[in-house]
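Grab a coffee and open the viewer: here are some exercises with worked solutions. Try each task by eye before you read on.

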Amino acid sequence: MAVKFVFFFFLALLALNSNASDLCAAGSDGSGDLSVIPIYGKCSPFTAPKSESWVNTVIDMASKDPARIKYLSSLAAQKTVAAPIASGQHALNIGNYVVRVQLGTPGQAMYMVLDTSSDAAWAPCSGCSGCSATTFLSKNSSTFATLDCSKPQCSQARGLSCPTTGSVDCLFNQTYGGDSSFSATLVQDTLHLGTDVIPNFSFGCISSASGSSIPPQGLLGLGRGPLSLISQSTSLYSGLFSYCLPSFKSYYFSGSLKLGPVGQPKSIRTTPLLKNPHRPSLYYVNLTGISVGRVLVPIPPETLAFDPNTGAGTIIDSGTVITRFVYPVYTAVRDEFRKQVGGSFSPLGAFDTCFTTSNEMAAPGITFHLSGLDLKLPMENSLIHSSAGSLACLAMAAAPNNVNSVLNVIANLQQQNHRILFDIANSKLGIARELCN
């Protein structure tokens, strides 16, 4: 009997592995409807850090948020002219989701960071100094072409470096994540998203990089600028996309990125997307108030108000891990939360309001009041538990005090398991609960 049991157990393991492989193979994407892969899941090329729980990984990611906020604040202070998504986690040194695309002809697979607050796309190219081992081999693509300074796309790149005369390659330098920078050449090649093909897609071909925040296989910007994926594919996707971000705990396929009007929710509550002509990359929304439980927290209106001149207001961002409010807003929300929970509190990493799970039943719900809709956060989006399970923490924080930030940022932990719809043509943002897992 023991021999039979071992034999059948072995067959079960083979079947499990076969099914997992089938799941990965079944993840081929269709037109505009792309599956989501957790970066440390079965179907991801990335390897999870050993001896670290997913909770500790999130805590580590959240500790990188201040650099992200500094980067977003710099964007807000200056005038600037369905792919598989995976939670970026520890491997990217900043909390992100990655998208599987193919560049070139024939297509070369790249797992690029999905960033709603960036305009351009860029990828590490062969010969890059300071880049990861995986690079785009431009010589292997029959459709690759460099762009020179005479092309109109060149004038749309931030950090442009072109002589006043002559026709040379369009070079640019950019910072990213607050502590990293890179140099790149603006190029064109074919971009494959599932079964969709975007010819002559402009992106930066990185030749050198420094710092810890440069995504190892590149970035796909979903902002509103002229070089973003959305702007370059208007004829195909009509300036419309949505995503459902999977939990960091996801292992198999979960969530989706939907590009274009097909397959979008028929009925979804929306709030206006606000336009800031000086900061076109950022998706501003009108956050009018925050409730903790049944209490509408008294918050100075000027700390939430949208101001295009200063960049103040609230944005929704895929690259920040936990929601960050300017100090007066966060302290008001935190103090009301503590008042309703009661007891004592301790810090844990980026979280300053942790309490024993025996008090968790007293934890109130949190609601973000936006013009036209209320985002009522489930507990999984407002609390995070310690790896030992003995503590629960309010999964939000204040903007770093060493950054002169006027931005409130609704981050990806609070967006997880929600369908977030960006209708750029009609300046609307839709939000609906959806289980991505």
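**Exercise 1. Work out which residues of β22 lie on each side of the strand, and whether they are buried or exposed.**

Solution. Start with one face: Ile366, Phe368 and Leu370 sit there, and Thr367 and His369 are on the other. Next, check the cover: the residues on both sides are all buried. Keep in mind that we're working on a predicted model. The split fits a general pattern: side chains in a regular strand alternate between the two faces of the sheet. Now tally the strand as a whole: β22 covers residues 366–370, and five of its five residues are buried.

**Exercise 2. Find the strands that pair with β22, and say how they run.**

Solution. Take β16 (residues 287–292) to begin with: five bridges join it to β22, and the two run antiparallel. For a landmark in this pairing, look at Ser291, which stands opposite Thr367. Then move to β23 (residues 373–377), which is also joined to β22 by five bridges, again antiparallel. Here the landmark is His369, with Asp374 of β23 opposite. Finally, inspect the turn: the β22–β23 hairpin has two residues between its strands, and Gly372 takes a positive phi near 90°.

**Exercise 3. Trace the disulfide of Cys125 and Cys205: where are its two ends, and which hand does it have?**

Solution. First the bond itself: the sulfur atoms of Cys125 and Cys205 are 1.8 Å apart, which makes the pair a disulfide because the cut-off is 2.5 Å. It is one of five disulfides in the structure. Next the ends: Cys125 belongs to β5 (residues 121–129) and Cys205 to β10 (residues 196–210), so this link spans distant parts of the chain, 80 residues apart. Then the hand: the angle about the S-S bond is -130°, a left-handed link. Last, the cover: Cys125 is buried at 3% relative accessibility, and Cys205 is buried at 10%.

**Exercise 4. Do the same for Cys154–Cys170 and Cys354–Cys393.**

Solution. Begin with Cys154 and Cys170, whose sulfur atoms are 1.9 Å apart. With 95° about the S-S bond, this link is right-handed. Cys154 is in the loop between β6 (145–146) and β7 (160–161), while Cys170 is in the loop between β7 and β8 (171–176), so the disulfide ties together parts 16 residues apart in sequence. Cys154 has a relative accessibility of 1% and counts as buried; Cys170 is buried too, at 0%.

Now for Cys354 and Cys393, with sulfur atoms 2.1 Å apart. The torsion is about 105°, so this disulfide is right-handed. Its ends are in strands: Cys354 in β21 (residues 351–356) and Cys393 in β25 (residues 391–394), distant parts of the chain that are 39 residues apart. Cys354 is buried at 1% relative accessible area, and Cys393 is buried at 0%.

**Exercise 5. Describe the largest pocket: what is its volume, and which elements supply its lining?**

Solution. Volume goes first: about 210 Å³. The lining has 14 residues, and the closest to the pocket centre are Trp54, Ser247, Lys249, Glu380 and Leu383. Then go by element: α2 (54–62), α7 (379–382) and β24 (383–385) each supply at least two lining residues, and β24 gives the most, with three. Sorted by class, the lining comes to six nonpolar, six polar and two charged residues.

**Exercise 6. Hunt down the backbone oddities at Pro106, Ser238 and Asn417.**

Solution. Step one is the peptide bond from Thr105 to Pro106: it is cis, with omega near 0°. Pro106 is in the loop between β3 (97–103) and β4 (108–115).

Step two is Ser238, which has a positive phi of about 60° without being a glycine. Ser238 is in the loop between α5 (234–237) and β12 (240–244), and at 40% relative accessible area it is partly exposed.

Step three is Asn417, another residue other than glycine with a positive phi, near 60°. Asn417 is in the loop between α8 (412–415) and β28 (418–423). Is Asn417 buried or exposed? Its relative accessible area is 2%, so it's buried.

Definitions and conventions
Residues are numbered from 1 along each chain as its sequence is written. This is a predicted model: local features need pLDDT of at least 70, side-chain atom pairs count only at pLDDT 80 or more; totals for chains, interfaces and linings use all residues. Side-chain values use heavy atoms; hydrogens and water are left out. On a 1 Å grid over the protein atoms alone, a cavity is a set of points where a 1.4 Å probe fits but cannot get out, and a pocket is an open set with protein on both sides within 12 Å along at least five of seven lines; lining residues have an atom within 4 Å of a point. Grid points are joined across faces, edges and corners, and a volume is the space filled by probe spheres set on the points. Helices (H or I, at least four residues) and strands (E, at least two) are DSSP runs, numbered from the N terminus. Ala, Val, Leu, Ile, Met, Phe, Trp, Tyr, Cys and Pro count as nonpolar, Asp, Glu, Lys and Arg as charged, and the others, Gly among them, as polar. Buried means under 20% relative accessible area, exposed over 50%, partly exposed in between (1.4 Å probe, protein chains only). Two strands pair if DSSP finds at least two bridges between them.
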